[in-house]
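Subject: Structure handover

Hello,

Here is the structure I promised you. Please open it alongside this email and follow along.

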Amino acid sequence: HIDLLKKHNTTVIHVVSNIKQALKAESVGCDAIVGEGVEAGGHNGSDEITTFCLIPQLADAVKIPVIAAGGIADGRGIAAALSLGAEGVQIGTRFATTIESSASDLYKNSVVSAKDTDTTLILKKIGLARLIKNEWSETVRKAELNGANETELKTLLGEKRERLGIFEGNLEEGMLEAGQSSGLVNEILSVEELM
């Protein structure tokens with residue numbers, strides 16, 4: 001779709017999790033890439049490369065701008081990303097917990113309550129995802145340990161599991177996608193206050 005987007009003067013930015021993907025994105029005409037480390041909430045790259053290791057390698061590998069994502073929640077993270085060679089940052093979890101966010105207050109409070117070890121990586125066979133630990137993620141973890149196949153995992157995932165957790169606030173059966181930066185989020189602020 002890049003040619004169509006470019007025809008309409010659209011800036012094309014693609015999320016990548018390794019150098020191979022970055023080089024491909026650059027070669028097909030992307031204007032920039034978001035290098036997302038495995039600390040990030042939601043779906044992650046199967047190579048599980050951290051932001052701290054990924055960003056300098058991407059900055060060395062491509063000529064297009066690199067935007068860092070994963071584990072960034074405050075000015076310290078922004079400064080670190082820039083010193084690693086990023087030209088900007090993408091911040092998800094921290095902004096998902098602002099007053100203006102359309103996420104449910106129950107989800108926002110679960111992020112605020114989360115500590116450094118309260119996220120987990122699951123669904124490795126069908127699309128690695130990081131989320132806040134809950135009853136559902138524990139069910140999936142046990143299924144994976146017991147050798148669940150892709151079909152069984154897709155059945156456990158069902159449909160709209162993210163919506164159930166993030167927007168409907170089902171803290172036990174929903175998918176509470178959030179990054180490891182949850183441990184840095186201690187209050188729900190407005191975007192203006194956060195900035």
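Below is what came out of going through it, part by part.

One caution before the details: this is a predicted model.

**The parallel sheet**

Start with the four-stranded sheet. It is open, its strand order is β1-β2-β4-β5, and the pairing is parallel. The edge positions go to β1 (13-16) and β5 (88-90). Each of these has a single partner strand, so one side of each is left without a neighbour in the sheet. On average, neighbouring strands here are turned by 30° against each other, direction ignored.

Helix α2 packs on this sheet and touches β1 and β2. The direction of α2 makes about 165° with that of β1.

Now look at the pairing of β2 with β4. Strand β2 covers residues 32-36, and four bridges join it to β4. The two strands run parallel. For one pair to find on screen, take Val-34: its bridge partner in β4 is Ile-67.

**The nonpolar cores**

The largest nonpolar core has 18 residues. Which of them have the most contacts inside it? They are Ile-33, Ile-55 and Leu-58. Three elements give two or more residues to this core: α2 (19-27), α3 (51-61) and β4 (66-69). Of these, α3 gives the most, with three residues.

There is also a second, separate core. It has eleven residues, among them Ile-122, Val-140, Leu-153 and Leu-157.

Back to Ile-55 for its surroundings. Leaving aside neighbours within four places in sequence, Ile-55 is in contact with Gly-35, Val-66, Ile-67 and Ala-68. Its other contacts are Ala-81, Leu-84, Gly-85 and Ala-86.

**The antiparallel sheet**

Three strands form another open sheet, in the order β3-β7-β6, with antiparallel pairing. Here β3 (42-43) and β6 stand at the edges. Both have a single partner strand, so one side of each lacks a neighbour in the sheet. Helix α7 (residues 135-145) packs on this sheet and touches β6 and β7. Its direction makes about 40° with that of β6.

Strand β6 (residues 119-122) pairs with β7 (residues 129-132) in the antiparallel sense, over four bridges. Within that pairing, Leu-121 has Arg-130 in β7 as its bridge partner.

In a regular strand, side chains alternate between the two faces of the sheet. Are the faces of β6 covered or open? Both are covered. Thr-119 and Leu-121 are buried on one side, and Thr-120 and Ile-122 are buried on the other.

**Two residues with positive phi**

Most residues other than glycine have a negative phi. Two residues to check against that are Leu-123 and Glu-48.

β6 and β7 form a hairpin with six residues between them, and Leu-123 sits in the turn. Leu-123 has a positive phi of about 65° although it is not a glycine. Its relative accessible area is 0%, so Leu-123 is buried.

Glu-48 lies in the loop between β3 and α3. Its phi is near 60°, again a positive value in a residue other than glycine. Glu-48 is partly exposed, because its relative accessible area is 35%.

**Two serines in one loop**

Ser-182 lies in the loop between α9 and α10. Ser-190 lies in the loop between α9 (161-167) and α10 (191-194).

Ser-182 is buried, with a relative accessible area of 0%. Not counting residues up to four places away in sequence, Ser-182 touches Thr-93, Val-111, Ala-114, Thr-119 and Ile-132.

Why does Ser-190 count as buried? Its relative accessibility is 14%, and buried means under 20%. Leaving aside its neighbours within four places in sequence, Ser-190 is in contact with Thr-98, Ile-99 and Glu-100.

**The largest pocket**

Last, the pocket. The largest one has a volume of about 280 Å³. It is lined by 21 residues. The closest to its centre are Ala-40, Gly-41, Gly-92, Thr-93 and Gly-179. Which helix gives the largest share of the lining? That is α5 (residues 93-96), with three residues.

Best wishes

Note on methods
Residues are numbered from 1 along each chain as its sequence is written. This is a predicted model: local features need pLDDT of at least 70, side-chain atom pairs count only at pLDDT 80 or more; totals for chains, interfaces and linings use all residues. Side-chain values use heavy atoms; hydrogens and water are left out. A nonpolar core is a set of buried Ala, Val, Leu, Ile, Met, Phe, Trp, Tyr and Cys residues joined through side-chain atoms within 4.5 Å. Buried means under 20% relative accessible area, exposed over 50%, partly exposed in between (1.4 Å probe, protein chains only). Contact means heavy atoms within 4.5 Å. Two strands pair if DSSP finds at least two bridges between them. Axes are lines fitted to C-alpha atoms, for helices over the stretch in contact, and angles run from 0 to 180 degrees between N-to-C directions. On a 1 Å grid over the protein atoms alone, a cavity is a set of points where a 1.4 Å probe fits but cannot get out, and a pocket is an open set with protein on both sides within 12 Å along at least five of seven lines; lining residues have an atom within 4 Å of a point. Grid points are joined across faces, edges and corners, and a volume is the space filled by probe spheres set on the points.
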